[in-house]
Every structure is written in C-alpha cells, then in structure tokens.
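Me: Got a minute to go through a model with me? I'll paste it in, and then I have a bunch of quick questions.

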Amino acid sequence: MNENHEVKDLRTNISFFKKEVKKFVEDRNWNQYHTPKNLVQAINCEAGELSQLLLFKDYTMEEILNNKELLSYISDEIADVFIYLISLINALDLDLSQIFIKKMEKNKKKYSSKEFNNGIYYKK
Ligand SMILES: [Mg+2]
C-alpha cells in the first residue's frame, strides 16, 4: 500500500480496498488459507478482539472519543474486521455495492420507518 495519507472515505471507492487486500494476500501466497470458512472465522476472531476492548467496561461515547489510545486500538480492530470481510468478498467474487443495496432494501421493508420511528428496536 502506498504511504498515502490522503486516502479518505470521501474519495475512496470499494475497488481500492478490494485491490489492496487482493494484492496483500497474493504477495504472501495466502490465497490457499483464505477459504470462506477460514475468513468467516477470522472475521469472528477480529470482532472478538474488538469486543474485548469494551468488555466489562461502560465507557461513554465521550470517554471513548477522548481516549486516543483506546480509539487507536478500536480503529485497528475495525480495520482487521474490514480487511477480512473484504478478503471474503474477494474470495466469493461478490460485488459489495450490489449486495449492500439488496440487503438495505430488505432491511427497509423489514424495519419500515413508519413502524420503527420512535426508538423501538424490535417488533411487537
Ligand atoms: Mg486484530
């Protein structure tokens, strides 16, 4: 990856992430390990590492945002989850934009804003 600190969400598209992860995996000959099963388990492991950072703690949002070290650890684990997720998307040759749009449409129907408009997070 380039040491490009100008990479920002507003100017980055999904294909950038897919290419970066693909090259990282190929350069290390790790494709053989990046099976769907292994990648799903790796996503869970990294999500566990993220969860562990907050386990038995009741940080407020403000406390997290003001704790640079914790925020850095959280950011690293978010990136790990995302990287493995991108690798799974690559392995299955999925188009993230398509599956995102399709699932968001399902979610909008399942949790219509008409029914879920007052903070309720479950169906009665
Ligand atoms: Mg990690």
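Reply: Sure. One cut-off before we start: a residue is called exposed if 12 or fewer other C-beta atoms lie within 10 Å of its own, and buried if there are 20 or more. Also keep in mind that this is a predicted model.

Me: OK, try that on Thr-60. Why is Thr-60 exposed?

Reply: Thr-60 has 8 other C-beta atoms within 10 Å, so it falls in the exposed class.

Me: And where does Thr-60 sit?

Reply: Thr-60 is in the loop between α2 and α3. Asp-76 is 16 residues away from Thr-60 in sequence, and their C-alpha atoms are 20 Å apart in space.

Me: Let's zoom out. How many helices and strands does the chain have?

Reply: The protein chain has 5 helices and 0 strands. Going along the sequence, the pattern reads α-α-α-α-α.

Me: Is the chain spread out or compact, going by its radius of gyration?

Reply: The protein chain is more spread out than a compact globule, because its radius of gyration is 18 Å, well over the 14 Å that the globule rule gives for 124 residues. The C-alpha trace spans about 50 × 35 × 30 Å along its principal axes.

Me: How much of the chain is buried?

Reply: Buried residues are 6% of the 124 residues.

Me: And what about contacts between residues at least 24 apart?

Reply: If you take contacts between residues at least 6 apart in sequence, 80% of them join residues at least 24 apart.

Me: Now helix packing. How do α1 and α4 cross?

Reply: Helix α1 covers residues 14-27 and helix α4 covers residues 68-91; their axes come within 9 Å and cross at roughly 85°. With that angle, α1 is roughly perpendicular to α4.

Me: Which residues make that contact?

Reply: On the α1 side you have Phe-17, Lys-18, Val-21, Lys-22 and Val-25, and on the α4 side Ile-83, Ile-86, Ser-87, Ile-89 and Asn-90. Sorted by type, the residues of the α1 contact with α4 are 6 nonpolar, 2 polar and 2 charged.

Me: Stay on α1. How far does α1 reach from its first C-alpha to its last?

Reply: α1 has 14 residues and reaches 20 Å end to end, close to the 20 Å expected at 1.5 Å a residue.

Me: What happens just after α1?

Reply: Just after α1 comes Asn-29, which takes a positive phi of about 55°.

Me: Why flag a positive phi at all?

Reply: Because most residues other than glycine have a negative phi.

Me: Fair. What is phi for Phe-56 and for Asp-93?

Reply: Phe-56 is not a glycine, yet has a positive phi of about 65°. Asp-93 also has a positive phi, near 55°.

Me: Where are those two, Phe-56 and Asp-93?

Reply: Phe-56 lies in the loop between α2 (36-52) and α3 (61-66), and Asp-93 is in the loop between α4 and α5.

Me: Buried or exposed, Phe-56 and Asp-93?

Reply: Phe-56 is exposed, since 5 other C-beta atoms lie within 10 Å. Asp-93 is exposed with 6 other C-beta atoms within 10 Å.

Me: Switching to α5. What do its length and its coverage look like?

Reply: The 15 residues of α5 should span 21 Å at 1.5 Å a residue, and its end C-alpha atoms are 21 Å apart, so that agrees. α5 is hardly covered, with a count of 0 buried residues.

Me: And Tyr-111, where is that?

Reply: Tyr-111 is in the segment after α5 (96-110). Tyr-111 counts as partly exposed because it has 14 C-beta neighbours inside 10 Å. Tyr-111 and Ile-14 are 97 residues apart in sequence, with their C-alpha atoms 26 Å apart.

Me: Last one: what is Leu-71 in contact with?

Reply: Leaving aside neighbours within four places in sequence, Leu-71 is in contact with Ile-64 and Leu-65. Leu-71 is in helix α4, and it is partly exposed, with 13 other C-beta atoms within 10 Å. Leu-53 is 18 residues from Leu-71 along the chain, and their C-alpha atoms are separated by 9.8 Å.

Key
Residues numbered from 1 in each chain as written. Predicted model: local features only at pLDDT ≥ 70, side-chain atom pairs only at ≥ 80, totals over all residues. Axes fitted to C-alpha atoms, helices over the stretch in contact; angles between N-to-C directions. Helix = DSSP H or I, 4+ residues; strand = E, 2+ residues; numbered from the N terminus. Parallel < 35°, antiparallel > 145°, perpendicular 65-115°, else oblique. Contact = placed C-beta atoms within 7 Å. Nonpolar A, V, L, I, M, F, W, Y, C, P; charged D, E, K, R; others polar. Expected span 1.5 Å × (residues − 1). Rg over C-alpha atoms; globule rule 2.2 N^0.38 Å.
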